[in-house]
Amino acid sequence: MPLDLYNTLSHGMERFEPLAADGRVTFYSCGPTVYDYAHIGNFRSFLNADILRRTLEVMGHEVTHVMNITDVGHMTEDADPDGGGEDKMEVASRRMLEAKKSGALPQGVDIDPRDPMAIADFYADAFLNDARLLGLKVAHEVIERPELMPRPSRLVPEMVELVETLIARGHAYVASDGVVYFDVASFPAYGRLSGNTLDAIRSGEGGRVDMATQAVKRHPADFMLWKPDEKHLMRWPSPWGEGYPGWHLECSVMARDLLGDVIDLHSGGEDNIFPHHECEIAQSCGATGGDEFARYWFHTRHLMVDGKKMSKSAGTFFTIRDLLQRGVSPAAIRLELVRTHYRINSNFTLQGLKDTQRQVERWKRLEAWLEANATASRPSPGPLEAALPRFIEALGNDLNVAGAIGVLNEAANAVPTDEPASGSDGESWSVDLDALRTMDHVLGVLTLSTEGDVAQSDLDVDWIESRIEARNAARGNKDWAEADRIRDELLEAGIEIKDGAEGTTWKQVVS
């Protein structure tokens with residue numbers, strides 16, 4: 001069946017056609033920067049890319065999916081084309097050093113906070129563990145094929161080579177401050193992806209402009225490729241001095257090195273569109289001399305929590321392990337993060353998680369019934385067998401996961417799971433079982449755990465939240481002794497609470 005997909009590059013719907021005649025698909029996704037645990041907003045983007053990859057497979061395509069793990073050069077000022085602020089790995093190093101001095105490092109963490117590679121390894125392992133719990137296929141494949149999840153720190157010589165190529169082709173220059181910049185005026189298509197124009201960027205309207213660097217640049221939008229910096233925590237030799245690569249440069253090198261000069265698909269969150277992906281296109285096309293880098297661009301919108309931006313102080317900033325500690329299952333987390341259309345801001349709620357948990361459990365009961373009655377016959381076509389083409393058709397309409405789930409639920413209602421199979425003439429229920437598993441190849445939830453963290457799933461969240469409400473009431477009545485008593489009661493139960501400007505948050509203390 002065909003796949004019609006919204007292409008950010010053309011700003012419209014397009015019929016997806018892979019470059020290879022045999023239908024093979026090359027797919028690159030911007031992955032995590034491993035300076036901290038990935039949060040659920042990050043995972044929404046990663047999982048939507050996984051759903052797209054799985055949909056292509058169900059449609060008969062072989063997909064080579066690469067997702068990078070960034071361990072250098074990603075600065076704290078994402079919107080600055082020059083990579084302003086600090087390297088996120090240096091931020092992580094300082095944070096861990098402070099935690100070590102105060103004795104606040106998590107249990108079992110025994111790494112040198114001054115070693116950014118050790119920090120990167122720690123958080124990369126944490127990400128891979130979370131990703132595998134949520135069924136991200138590339139995170140499982142990397143066990144046998146490490147090249148599918150490259151680390152930029154291991155491809156620095158290739159980055160230096162690309163910068164040299166861009167300079168030789170007239171697309172880059174060494175400025176008076178020693179930094180190598182990409183010359184956006186040399187690439188007329190710059191701005192096509194994001195809709196930014198060079199005039200808008202020059203006036204400061206199309207992205208953050210760091211005025212401190214403008215005197216040495218030919219155009220305000222010119223972006224950093226290599227920065228000499230002998231004080232940077234992570235640095236390598238280059239013809240322009242010891243320093244580090246630009247974040248944008250890294251993905252161009254990794255995608256070209258592993259997938260070729262022109263790839264089929266590139267994905268990321270909508271915050272990657274500018275400047276990151278815009279710069280990737282300019283670099284890659286500038287180096288090859290071609291008109292294309294990625295033919296289709298797939299971007300996931302933001303994730304909100306309780307209708308607002310995620311906030312640590314409000315207790316609405318969640319990592320995967322935060323949710324597991326609340327007894328939420330990996331299957332429910334995955335379904336909750338992918339069930340809303342990828343081009344719509346998704347609103348994540350704990351109540352929504354409870355609903356998706358019940359949904360997954362219902363599908364698990366359906367699967368169990370079909371397994372138990374697989375050899376029994378039923379009238380043809382069976383409900384799931386008949387629904388499968390409509391399920392795939394929904395996905396073919398710009399990855400309409402919600403529509404596909406609706407098709408599955410309609411078919412599930414027609415299966416008599418409250419009674420044994422009647423044994424009437426026709427094909428067996430095994431055909432419907434196969435159809436269900438084909439659908440789940442895309443959704444990816446039936447093979448995941450439907451239990452929360454075993455060591456922590458006995459948490460009584462309702463009790464915890466009721467005690468917090470009682471403490472807040474005591475504080476409102478200025479009954480400080482009762483408020484302190486409830487706080488100590490929670491702490492004795494292994495729950496640590498924190499009061500902030502936007503309310504009280506809690507976490508389990510692992511002893």
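**Strand β3 and its parallel sheet**

Of the 511 residues of the protein, 53% count as buried. The model is a predicted one. It holds 16 helices and 16 strands, and this briefing centres on one of those strands, β3, with the sheet around it.

**Whole protein**
- The accessible surface of the protein comes to about 22100 Å², and carbon and sulfur atoms make up 48% of that surface.
- Among contacts with a separation of 6 or more, 74% link residues that lie 24 or more positions apart.

**Strand β3**
- Strand β3 covers residues 25-29, and 5 of its 5 residues are buried, so the strand is largely enclosed by the rest of the structure. Buried here means under 20% relative accessible area.
- Val25, Phe27 and Ser29 point one way from β3, while Thr26 and Tyr28 point the other way.
- In a regular strand, side chains alternate between the two faces of the sheet.
- Both sets of β3 residues are buried: Val25, Phe27 and Ser29 on one side, and Thr26 and Tyr28 on the other.

**Pairing with β4**
- Strand β4 (residues 63-67) runs parallel to β3, and 5 bridges join the two.
- The chain passes from β3 to β4 through helix α1 (residues 40-58), and this β-α-β crossover is right-handed.
- Phe27 of β3 stands opposite His65 in β4.
- Tyr28 has Val66 as its bridge partner in β4.

**Pairing with β11**
- Strand β11 (residues 263-269) also runs parallel to β3, with 3 bridges joining the pair.
- The bridge partner of Tyr28 in β11 is His266. Tyr28 therefore has a bridge partner in each of two strands, Val66 in β4 and His266 in β11, and its side chain is buried.

**The sheet as a whole**
- The open sheet has 4 strands in the order β4-β3-β11-β12, and the pairing is parallel.
- Strands β4 and β12 (294-300) form the edges, and each of them pairs on one side only.
- From one strand to the next, the twist averages 20°.

**Helices on the sheet**
- Helix α7 (residues 247-259) packs on the sheet and touches β3, β4 and β11. The direction of α7 makes about 155° with that of β3.
- Helix α8 (residues 273-288) lies across β11 and β12, and α8 runs at about 160° to β11.

Note on methods
Residues numbered from 1 in each chain as written. Predicted model: local features only at pLDDT ≥ 70, side-chain atom pairs only at ≥ 80, totals over all residues. Heavy atoms only, no water. Buried < 20%, exposed > 50% of the residue type's maximum accessible area, 1.4 Å probe, protein only. Contact = heavy atoms within 4.5 Å. Areas by Shrake-Rupley, 256 points an atom, 1.4 Å probe, with all protein chains shown as cover. Pairing = 2+ DSSP bridges. Right-handed = clockwise from strand over helix to strand, strands pointing away. Axes fitted to C-alpha atoms, helices over the stretch in contact; angles between N-to-C directions.
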